[in-house]
Amino acid sequence: MHRVCISSTGLYVPPHIISNAELVDTFNRYADLHNTEHAADIAAGKLAAVPHSSVEFIEKASGIQQRYVVDKAGVLDPTRMRPRLTRRPDSEISLMAEISVAAAQDSLQRAGKTAADVDGVICAAANMQRAYPAMAIEIQQALGIQGFGFDMNVACSSATFGIEMAVNAVRSGSARAVLVVNPEITSPHLAWKDRDCHFIFGDVCTAILVERQDSAPAGAFEVLGTKLVTSFSNNIRNNAGFMSRSEDRNPDDRDQLFYQEGRKVFKEVCPMAAEHISNHLATLDLAPSGVRRFWLHQANLAMNQLISRRLLGRDATADDAPVILNEFANTASAGSIIAFHRHQADIAAGEVGVICSFGAGYSIGSVVVRRL
């Protein structure tokens, strides 16, 4: 059995930024159009008026200040309120594969590796562009990697679950190195017309190179342990799928997009995540107080603050648990990886950190690492 490291990470950031002010302006124009069109039904009590959103509401509810997206114009059109993407022929690389290749190449370059050093690709994301062929195999081909590729979806926990799969493959010797890519194009499945969640998500792609320690570059992070758990809940859900067509569903039906019971999620997931991390550390004879940094899932600022407080017994500093969701918004499985990518250069040799993600399922995954 081989010792395993995270050698590097990579990041692809889309070219367009939507500020909260821009998003609120569009949403409020949509609300006014909707309320005018349905004024009679609203007056008769048959339909509820769409309330305005505000920058203050968004930032208080989430801590989000902006987000990156693959298309801005379609989202900010109050008569459309969704990205405007161009269908690509099968002969061209898909959008999800394209951004995955960019993030993967960034990761390989940082580790001083090439495609020849990698034996597998895992595409781990909350939203897949298609059912088949697997996105991972297209990404593998585009990168020129020999070996295997497969997709996996555990919603916002996909990256940490993917890391465990990669670690197991490398530890057992079935692969020398595995790339885990997390292409999160969340904007097409977000309900931009729902005031309670229209601000939540952003687009991005991250990549993680997992390899044997004996071939890892200096400064890599040894994986001390991984831990996964799932517990079924309907509180975060998206019912869109290939069966929707046979059910004669309207793709604009509310449950065909992301929806959640936010208060229930907050109440139930925070203690689960804190207990999960604490128990994982205990199995490694570690305590939260001995952790240099927590790279947590980036869904909601208040959630991370509560989880950190439960772990540390005090309010966490930005150094204890860095925040990137103010810039990126919720990027599903990629959030904790962005935090790790952006905030690990100052970790000294021997110091321990925890990457943890949590989300729909419910699902929670944690990876405990130590800098070499």
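Author: A residue is buried under 20% relative accessible area, exposed over 50% and partly exposed in between (1.4 Å probe, protein chains only). This is a predicted model, in which local features need pLDDT of at least 70 and side-chain atom pairs count only at pLDDT 80 or more, while totals for chains, interfaces and linings use all residues. Residues are numbered from 1 along each chain as its sequence is written, and side-chain values use heavy atoms, with hydrogens and water left out.

Reader: Why is Asp319 called partly exposed?

Author: Asp319 has a relative accessible area of 35%, a value that lies between 20% and 50% and therefore falls in the partly exposed class.

Reader: What makes the contact of Asp319 and Arg292 a salt bridge?

Author: The term requires a side-chain nitrogen of Lys or Arg within 4 Å of a carboxyl oxygen of Asp or Glu. The side chains of Asp319 and Arg292 meet at 2.7 Å, N to O, so the pair satisfies the rule. Asp319 belongs to the loop between helix 8 and helix 9 (325-328) and Arg292 to the loop between helix 7 and strand 11, so the salt bridge ties together parts 27 residues apart in sequence. Through shared partners, salt bridges join Arg292, Arg293, Asp319, Asp346 and Glu351 into one network. The rule gives a count of 23 salt bridges.

Reader: How do you know which parts of the chain the salt bridge between Arg254 and Asp194 ties together?

Author: The N-to-O distance of this salt bridge is 2.9 Å. Arg254 is in the loop between strand 9 (236-237) and strand 10 (259-260), and Asp194 is in the loop between strand 6 and strand 7, so the parts tied together are 60 residues apart in sequence. Relative accessible areas of 33% for Arg254 and 23% for Asp194 make both partners partly exposed.

Reader: Where do Arg29 and Asp25 lie?

Author: Both are in helix 1, four residues apart, about one turn of the helix. Helices (H or I, at least four residues) and strands (E, at least two) are DSSP runs, numbered from the N terminus. An α-helix has 3.6 residues a turn, so residues three or four places apart point the same way. The closest N and O atoms of Arg29 and Asp25 are 3.3 Å apart, and the pair forms a salt bridge.

Reader: How do you know that the span of helix 1 agrees with its 18 residues?

Author: The expected span is 1.5 Å times one less than the number of residues. For helix 1 this gives 26 Å, and its end C-alpha atoms are 26 Å apart, so the two agree. Its buried residues include Leu23, Phe27, Tyr30 and Ala31. Among the elements that cover the buried residues, in contact (heavy atoms within 4.5 Å), are strand 2 (16-19), helix 2 (39-43), helix 3 (55-62) and strand 3 (66-69).

Reader: Why does Gln140 count as buried?

Author: Its relative accessibility is 9%, and that is under 20%, so Gln140 is buried. Gln140 is part of helix 5 (residues 135-143). Setting aside residues up to four places away in sequence, Gln140 touches Val121, Ile145, Gln146, Gly147, Phe148 and Gly149.

Reader: What makes strand 1 and strand 8 a pair?

Author: Pairing requires that DSSP find at least two bridges between the strands. Two bridges join strand 1 to strand 8, which run antiparallel, and Phe221 in strand 8 is the bridge partner of Ile6. Strand 8 also pairs with strand 13 in the antiparallel sense, over nine bridges, with Val229 opposite Ile364. Strand 4 (residues 120-124) and strand 6 (residues 177-184) pair in the parallel sense over four bridges. The open sheet has nine strands in the order 5-4-6-7-1-8-13-12-11, with mixed pairing. Strand 5 (148-152) and strand 11 are its edge strands, as each pairs on one side only.

Reader: Which residues touch the most other members of the largest nonpolar core?

Author: A nonpolar core is a set of buried Ala, Val, Leu, Ile, Met, Phe, Trp, Tyr and Cys residues joined through side-chain atoms within 4.5 Å. In the largest, of 48 residues, they are Phe258, Ile277, Phe294, Ile307, Val354, Cys356 and Phe358. Helix 7 gives the most to this core, with seven residues. Beyond its neighbours within four places in sequence, Phe294 contacts residues including Ile277, Leu311 and Val354. A second, separate core has 35 residues, among them Met152, Ala159, Val167 and Val170.
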